Amino acid sequence: MNMQTGNVMAPPAPKRLTDMQLPIVMMRDIMLKTMFRKNVDMVSDVAKAICLPSAVTQELIDLAREQRLLEATGTLNANSGNEMGFQLTDAGKARALDALAQSEYFGAMPVPLDVYREQVKRQSIRNIQISRKQLTDAMGHLILPDSLLDHLGPAVGSGRSILMYGPPGNGKSSISNGIRDAMGDKIYVPYAIEYAGQVITVYDPIVHSKAEAEEEDKTALRRVARFDSRYVKCDRPTVITGGELSLNMLDLVYNPTARTYQAPLQLKSTGGIFIVDDLGRQEEPPQALVNRWIVPLEESKDILALQSGEKFEVPFDTLVIFSTNFHPNEIFDQAALRRIFFKIKIDGPSQENFLKIFALVAKKKGVPLSEAALVHLLKKKYPTINNVYANYQPVFLIDQMISICEFEGIPYQMTPELIDRAWANMFVKDEHIVK
């Protein structure tokens with residue numbers, strides 16, 4: 001059955017234990033650890049805790065009972081639809097403690113890597129189609145030349161890598177965020193995935209924005225799974241890194257205490273966007289960072305390594321946006337540049353667009369426009385910096401004038417004198433300090 005939510009097909013819920021494609025002992029142990037740690041005893045509560053349908057959970061409970069690891073409490077709970085309760089036997093507690101010593105992981109049952117691969121295909125970033133209207137609406141707060149959208153649209157729609165470059169302060173970061181906002185659909189992110197008996201946690205509330213939960217029917221005896229509840233329905237994720245990005249942040253993170261792995265940033269961003277902001281400000285040279293992405297960008301797969309040194313492939317389905325204030329030829333060789341599919345220059349605004357932005361910002365912030373102040377700005381101030389306009393400047397200048405007005409106790413206004421005072425804070429004079 002195709003379960004369609006928006007444009008993305010939801011992962012179907014497993015109907016029986018044989019659908020799980022996980023080692024039986026691993027599933028049994030995760031259930032025992034969860035019952036021990038969370039102190040749950042009703043089938044419905046255990047099912048909710050390990051994110052499996054009640055029927056599959058019941059199969060696991062029956063298996064653990066046969067192995068004398070669980071026993072019925074002998075009481076029916078009237079509050080839980082007369083469900084039978086179950087508790088760990090002494091052997092079950094010993095097994096739970098032993099399993100916890102091997103791995104602290106409990107809770108949501110992981111999704112096997114091969115099963116997760118199929119879901120990544122269903123919700124691939126390359127499947128999305130973004131119209132000019134969607135992109136324009138998402139960038140509505142930015143004044144951008146049409147030619148820029150002509151380049152951005154096909155780049156985003158392809159799901160391929162993008163390099164945005166140009167002088168600082170012209171909205172490369174804002175454009176990256178606008179691209180993210182243009183993707184309105186939802187995808188499914190697993191709490192954890194499993195490879196070779198190892199658990200790798202993926203869902204991260206810092207990276208993933210959980211979609212509003214649909215109301216459950218409180219009168220229903222059993223929860224009907226609309227999709228596999230080992231996944232969380234989320235907005236397409238966005239990971240933004242800047243100068244702090246280092247190569248080891250792109251490796252699996254092993255927690256030696258819990259004996260579990262955490263997915264690296266690019267795996268958490270699967271189905272979404274990975275923004276490398278301020279490329280060239282990291283400790284590693286830009287060439288080294290891009291070299292790390294070459295295989296993933298070309299082959300749509302990444303290679304990760306376990307503590308044992310064993311390497312394995314994971315899907316790489318991410319729109320990577322590199323943003324830099326440097327000219328690409330300064331920081332990359334031609335081989336690296338060839339591998340970045342789209343290169344888009346983000347220039348400062350024309351004088352006409354600068355004035356549009358200035359007027360919009362002034363209106364939004366409640367500062368009346370003054371022709372004398374604008375003439376002073378354009379004829380006296382900008383010639384001193386070769387009439388180079390930047391998108392950040394209107395907000396900066398108007399905020400400065402507001403601060404001065406509030407300090408002086410006068411109504412919001414703009415005058416040539418206020419422009420001079422605001423301008424003085426925008427640039428630092430190149431002066432020699434006398435010691």
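Visitor: How are helix 2 and helix 3 oriented to each other?

Guide: This is a predicted model, and the answer comes from the angle between the two helix axes. Angles of 65 to 115 degrees count as roughly perpendicular. The axes of helix 2 (residues 43-50) and helix 3 (residues 54-66) cross at roughly 105 degrees and come within 9 Å. Helix 2 and helix 3 are therefore roughly perpendicular to each other.

Visitor: Which residues of helix 2 and helix 3 meet?

Guide: From helix 2, Val43, Ser44, Val46, Ala47 and Ile50 take part, and they meet Ser54, Thr57, Gln58, Leu60 and Ile61 of helix 3. Sorted by class, this contact has 6 nonpolar and 4 polar residues, with no charged residues.

Visitor: At what angle do helix 1 and helix 3 pack?

Guide: Helix 1 (residues 24-38) packs with helix 3 at about 95 degrees, and their axes are 10 Å apart. Helix 1 and helix 3 are therefore also roughly perpendicular to each other. On the side of helix 1, the contact is made by Ile24, Met27, Arg28 and Met31; helix 3 contributes Thr57, Leu60, Ile61, Leu63 and Ala64. These residues divide into 7 nonpolar, 1 polar and 1 charged. Thr57, Leu60 and Ile61 of helix 3 are thus named in the contact with helix 2 and in the contact with helix 1.

Visitor: Let us turn to empty space. What is the volume of the second largest pocket, and how many residues line it?

Guide: Rolling a probe the size of a water molecule over the atoms shows where empty space is left. Here, the second largest pocket has a volume of about 420 Å³. Its lining consists of 17 residues, and His141, Leu142, Ile357, Val361 and Val395 lie nearest the centre. The elements giving two or more residues to this lining are helix 8 (172-182) and helix 13 (351-365). Helix 13 gives the most, with 5 residues. By class, the lining has 9 nonpolar, 6 polar and 2 charged residues.

Visitor: Where in the chain is confidence lowest, and where is it highest?

Guide: Where pLDDT is low, the predicted coordinates should not be read in detail. For the chain, the mean pLDDT is 88, and 92% of the residues reach 70 or more. Confidence is lowest in strand 1 (residues 4-5), at a mean of 40, and highest in strand 5 (residues 111-112), at 98. Residues 1-6 have pLDDT below 50, and this stretch has 13 contacts in the model beyond near neighbours in sequence. Over residues 215-223 the pLDDT also stays under 50, and the model has 7 contacts for them beyond four places in sequence.

Key:
Residues are numbered from 1 along each chain as its sequence is written. This is a predicted model: local features need pLDDT of at least 70, side-chain atom pairs count only at pLDDT 80 or more; totals for chains, interfaces and linings use all residues. Side-chain values use heavy atoms; hydrogens and water are left out. On a 1 Å grid over the protein atoms alone, a cavity is a set of points where a 1.4 Å probe fits but cannot get out, and a pocket is an open set with protein on both sides within 12 Å along at least five of seven lines; lining residues have an atom within 4 Å of a point. Grid points are joined across faces, edges and corners, and a volume is the space filled by probe spheres set on the points. Helices (H or I, at least four residues) and strands (E, at least two) are DSSP runs, numbered from the N terminus. Ala, Val, Leu, Ile, Met, Phe, Trp, Tyr, Cys and Pro count as nonpolar, Asp, Glu, Lys and Arg as charged, and the others, Gly among them, as polar. pLDDT is the predictor's confidence in each residue, from 0 to 100. Contact means heavy atoms within 4.5 Å. Axes are lines fitted to C-alpha atoms, for helices over the stretch in contact, and angles run from 0 to 180 degrees between N-to-C directions. Angles under 35 degrees count as roughly parallel, over 145 as roughly antiparallel, 65 to 115 as roughly perpendicular and the rest as oblique.
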